[in-house]
Structures are given as structure tokens and as C-alpha cells.
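Thanks for sharing this one. Here are my notes, set out point by point so that you can follow along in the viewer.

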Amino acid sequence: ERKVLRCGIYDRRGFSFPNDETNEREGFEVDLCKAVAAAALGRSYSYELVPTTGANRFVKHANGEFDVLISGTTHTFDRDVHESSSGMGFSFSTPYLYGGMTFNGVPEFVNCADELSAVGDCAGILICSILGTTWYDTTKELFPASNIVLTKDQGESIQNLIDGKCNVIQGEQYEAPEVVVRG
């Protein structure tokens, strides 16, 4: 009988991110992993945090690399029945966080994104979008592929914005303050 719960997580400040001083992961989703482990395994529980990304989280979960995905993940009918990257359906908990897609970055291009425009003054829009997310699925239906820069995670999107590789990043509304502070 195993006494370790393996939780799939990915880097997001405030949710699961290494503390700059201790290098230990901390945040809401780390605490949630601990709570689920304690509830499922009892007093002598242990947990392991398994890094994953938006692009590989379902495949890793299907392959048994972790027991539970504890990370803000959009619940869709497709993911319930047949998630495309893994070919499996998944069960979802009751949502613990409600967000919504937002655009951040260079103000004139954020306006273009908000207006869903990639023509005229907006022809130079470059939107950093994370592969494997519903944000990317939505963006590829709204903008030409030439206006989308694929990234592996929000940290890479933010760095691309800073480096000028994109002028807009998309993300959850609750992540917008990090862009303002870091960008």
C-alpha cells in the first residue's frame, strides 16, 4: 500500500513556484496537494510534486507519472470524454478557481487583441500562447497562425514579452498582476 500521493503541477506564482530563499515549492496548489494527500492517505501521508506543463499534463497523467493533476485546468467536454493528446477521458473535481482569458502586454496591441484584430495598425500583433491550453485553442481560431508565438508555459510567455518576441501574452485574469509587476 503506497503512502505517497504524486501531484502533477506546473510553475505559477502563488500556486506552485519555488521560494526564492528556500527553493522549496510553495503556494495554493502545493497546499492543496498536501490536503488531498492527508485526506486520501491519512496521518502518515507523503506527497511528491511532479513537474508538468500545459502541453504534456494529460499524457503524463495518462501514463501514470502522477496520480492527480493539481493545476488550474479548464474543464471541457472533450477532456471529459476524449482529450486529444492522450486519447483518454478524465474526471474533474468541482472547480476551485474561476478565471477567464485576458490579454496583457504592449497597450496598443492589447487593444488589438481585445478587438480581435490583426489587420491595419494591428498587423504586427504577436500573441504568445501556451501550447496545450484552451487559450491556444481559442486564439488559433481567432487569429492567423502568423500572429501566434507558441510557448511552453507562462514564464516563457512573459520572458518573450520582455525580449520583444511577442507584444501580447494571453493568460488567466488572476495571472495579469504578475505581468504588470514583472513586465
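1. Let me begin just past a helix. Leucine 116 follows H4 and has a positive phi, near 55°. Please keep in mind throughout that this is a predicted model.

2. Now for H4 itself, which spans residues 107–114. Which of its residues are buried? They are Phe109, Val110, Cys112 and Ala113. These residues cover an arc of only 155° around the axis, so they sit on the same side of H4. What do the buried residues of H4 pack against? Their partners are E6 and strand E9, the latter at residues 168–172.

3. Next, the aromatic rings. Searching the whole structure turns up two aromatic pairs. In one of them, the ring centres of phenylalanine 15 and phenylalanine 28 are 6.4 Å apart; their planes stand at 85°, so this pair counts as edge-to-face. Phenylalanine 15 belongs to the loop between strand E1 (4–9) and strand E2 (17–18), while phenylalanine 28 is in helix H1 (residues 28–41). The pair therefore links distant parts of the chain, 13 residues apart.

4. Are the two partners in that pair buried or exposed? Phenylalanine 15 is buried, because its relative accessible area is 13% and the cut-off for buried is under 20%. Phenylalanine 28, with a relative accessible area of 40%, is partly exposed.

5. The other pair joins phenylalanine 58 and phenylalanine 90, with 5.2 Å from centre to centre. The angle between the planes is 45°, and the pair is tilted. Phenylalanine 58 lies in helix H2 (residues 57–62) and phenylalanine 90 in the loop between helix H3 (77–81) and strand E6 (101–105), so the pair ties together parts 32 residues apart in sequence. Both phenylalanine 58 and phenylalanine 90 are buried.

6. On to the pockets. The largest pocket has a volume of about 910 Å³. It is lined by 40 residues, and the closest to its centre are Ser71, Gly72, Thr73, Thr74 and Phe92. H1, H2, strand E5 (68–69) and helix H5 (134–142) are the elements that give two or more residues to this lining. H2 gives the most, with three residues. By class, the lining of the largest pocket divides into 17 nonpolar, 15 polar and eight charged residues.

7. Threonine 73 deserves a look of its own. This residue is among the closest to the centre of the largest pocket, and its place in the chain is the loop between E5 and H3. Which residues does threonine 73 touch, not counting those up to four places away in sequence? The contacts are Tyr10, Arg57, Phe58, Arg79 and Phe92. Phe58 is also a member of the tilted pair. If you would like a distance to check in the viewer, threonine 73 and asparagine 19 are 23 Å apart in space, C-alpha to C-alpha, and 54 residues apart in sequence.

8. Last, the second largest pocket, which holds about 330 Å³ of space. Its lining has 16 residues, with Arg79, Glu83, Ser84, Gly132 and Asp137 nearest the centre. Arg79 is also one of the residues that threonine 73 touches. H3 and H5 each supply at least two residues of this lining, and H5 has the largest share, with four. The classes here are four nonpolar, seven polar and five charged residues.

Key: Residues numbered from 1 in each chain as written. Predicted model: local features only at pLDDT ≥ 70, side-chain atom pairs only at ≥ 80, totals over all residues. Heavy atoms only, no water. Phe/Tyr/Trp six-rings, centres within 6.5 Å; stacked < 30°, edge-to-face > 60°. Buried < 20%, exposed > 50% of the residue type's maximum accessible area, 1.4 Å probe, protein only. Arc of directions from axis to C-beta. Contact = heavy atoms within 4.5 Å. 1 Å grid on protein atoms, 1.4 Å probe; cavity = no way out; pocket = protein on both sides within 12 Å on 5 of 7 lines; lining within 4 Å. Points joined across faces, edges and corners; volume = space filled by probe spheres on them. Nonpolar A, V, L, I, M, F, W, Y, C, P; charged D, E, K, R; others polar.
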